[in-house]
Amino acid sequence: MTEDLRLLHVHAHPDDESSKGAASTARYVAEGVDVMVATCTGGERGSILNPNMDRPDVLANITEIRRQEMDRAREILGIRQEWLEDAAAPLVKLIREFRPQVVTTYDENGGYPHPDHVMCHQITVAAFEAAGDPDAYPGLGEPWQPLKLYYHHTFHRERMKALNDAMVARGLESPYADRLKDWKPDPENERRITTRVECSDYFAVRDRALLAHATQIDPDGAWFAVPLEVHKAAWPTEDFELARSVVEPALPEDDLFAGLR
């Protein structure tokens with residue numbers, strides 16, 4: 001039934017689809033799952049984070065350049081992608097047209113407290129609940145109720161500490177050492193993770209998709225400070241929280257489609 005499975009990721013900016021959950025996305029694409037990314041903004045208001053791209057010609061054409069970067073990442077990941085740039089109604093329409101069984105987005109804090117990420121969470125939860133309601137948003141297509149809603153948990157302490165410890169054990173400089181000094185354990189937050197998707201074979205695809213966002217990702221920066229083999233050994237999963245489910249879950253899970261195939 002894999003060819004009948006559909007997965008919708010709702011992200012705030014172009015590059016979020018490559019920095020959060022991209023390896024599991026690539027795994028599902030390889031398995032035959034139809035994956036769509038809905039991007040809520042064009043990213044044109046974001047800063048240029050790669051010093052090699054911080055040039056007047058790039059700044060003058062940032063809107064088009066960020067869309068071109070998204071196109072390259074989309075091709076690398078093998079996904080479909082749509083721009084929203086509006087609130088819940090267009091997302092309800094997209095859900096009813098694409099008919100995903102599974103939807104992902106950020107938690108109520110946006111994964112980290114970026115206002116665009118928090119708003120992305122809010123509109124995704126609203127659309128998840130409204131898409132199957134025949135009385136909500138009439139005229140935007142036949143109702144469709146997704147079965148599961150997940151939150152990404154990418155930058156959590158347990159993962160960062162494992163990567164840090166693996167680097168130190170190999171005598172390598174860790175990019176997370178300073179951050180971990182003042183980052184106190186938060187067992188309650190770690191317990192929110194319900195689903196760990198093994199996808200280490202697709203970390204290289206994730207990295208290629210990240211590099212496609214050249215205005216945002218410095219190839220010599222912290223994103224790639226942990227060698228691929230170290231990352232595979234220390235933390236081979238991408239992690240999620242099952243936030244809503246129409247089907248009875250059996251936790252913990254190792255698949256976003258657990259219970260659906």
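Select helix H1 (16-19), helix H6 (115-130), helix H7 (157-169), helix H10 (203-212), helix H11 (228-234) and strand S7 (237-245): each of these supplies at least two residues of the lining of the largest pocket. The model on screen is a predicted one. H10 gives the largest share of that lining, with four residues.

Next, show the space that these elements border. The largest pocket holds about 930 Å³. Its lining counts 44 residues, and Ser19, Lys20, Tyr112, Phe155 and Trp223 are the ones nearest the centre. Colour the lining by class and you get 16 nonpolar, 15 polar and 13 charged residues.

Now go to the second largest pocket, with about 310 Å³ of space. It is lined by 16 residues, and those closest to its centre are Asp107, Gly111, His153, Phe155 and Asn189. The lining of this second pocket is made up of four nonpolar, seven polar and five charged residues. Phe155 has now been named twice: among the residues nearest the centre of the largest pocket and among those closest to the centre of the second largest.

Return to the largest pocket and select Lys20, one of the residues nearest its centre. Lys20 sits in the loop between H1 and helix H2 (22-30). Is Lys20 buried or exposed? Its relative accessibility is 6%, so Lys20 counts as buried, the cut-off for that class being under 20%. Show side chains here and look for two polar contacts. One joins the side chain of Lys20 to the side chain of Asp16, at 2.8 Å. Another joins the side chain of Lys20 to that of Ser19, at 2.9 Å. Leaving aside residues up to four places away in sequence, Lys20 touches His11, Tyr106, Tyr112, His117, His152, Thr154 and Phe155. Of these, Tyr112 and Phe155 also lie among the residues nearest the centre of the largest pocket.

From His11, select the whole of strand S1 (residues 6-11). Six of its six residues are buried, and the strand is mostly covered. Which residues lie on each side of S1? Arg6, Leu8 and Val10 are on one side, with Leu7, His9 and His11 on the other, and both faces are covered. Add strand S2 (residues 34-39), which runs parallel to S1 and is joined to it by six bridges. Within this pair, Val10 stands opposite Ala38 of S2. Then add strand S4 (residues 102-105), also parallel to S1, with three bridges between them. Here His9 has Thr104 of S4 as its bridge partner.

Go back to H10, the helix with the largest share of the lining of the largest pocket. Seven of its 10 residues are buried, so H10 is largely enclosed by the rest of the structure. To see them, select Phe203, Val205, Arg206, Asp207, Ala209, Leu210 and Ala212. Then display what covers these buried residues, which includes H1, H2, helix H4 (62-77), H7, H11 and S7.

The last stop is Val118, in helix H6. With a relative accessible area of 21%, Val118 is partly exposed, since buried would require under 20%. Apart from residues up to four places away in sequence, Val118 touches Glu108, Asn109 and Gly110. Finally, pick the C-alpha atoms of Val118 and Ala12: they are separated by 8.8 Å, while the two residues are 106 residues apart along the chain.

Key: Residues are numbered from 1 along each chain as its sequence is written. This is a predicted model: local features need pLDDT of at least 70, side-chain atom pairs count only at pLDDT 80 or more; totals for chains, interfaces and linings use all residues. Side-chain values use heavy atoms; hydrogens and water are left out. Buried means under 20% relative accessible area, exposed over 50%, partly exposed in between (1.4 Å probe, protein chains only). Two strands pair if DSSP finds at least two bridges between them. On a 1 Å grid over the protein atoms alone, a cavity is a set of points where a 1.4 Å probe fits but cannot get out, and a pocket is an open set with protein on both sides within 12 Å along at least five of seven lines; lining residues have an atom within 4 Å of a point. Grid points are joined across faces, edges and corners, and a volume is the space filled by probe spheres set on the points. Ala, Val, Leu, Ile, Met, Phe, Trp, Tyr, Cys and Pro count as nonpolar, Asp, Glu, Lys and Arg as charged, and the others, Gly among them, as polar. A polar contact is a pair of N or O atoms within 3.5 Å; within protein, one must be able to donate a hydrogen and the other to accept it, and residues adjacent in sequence count only if both atoms are side-chain atoms. Contact means heavy atoms within 4.5 Å.
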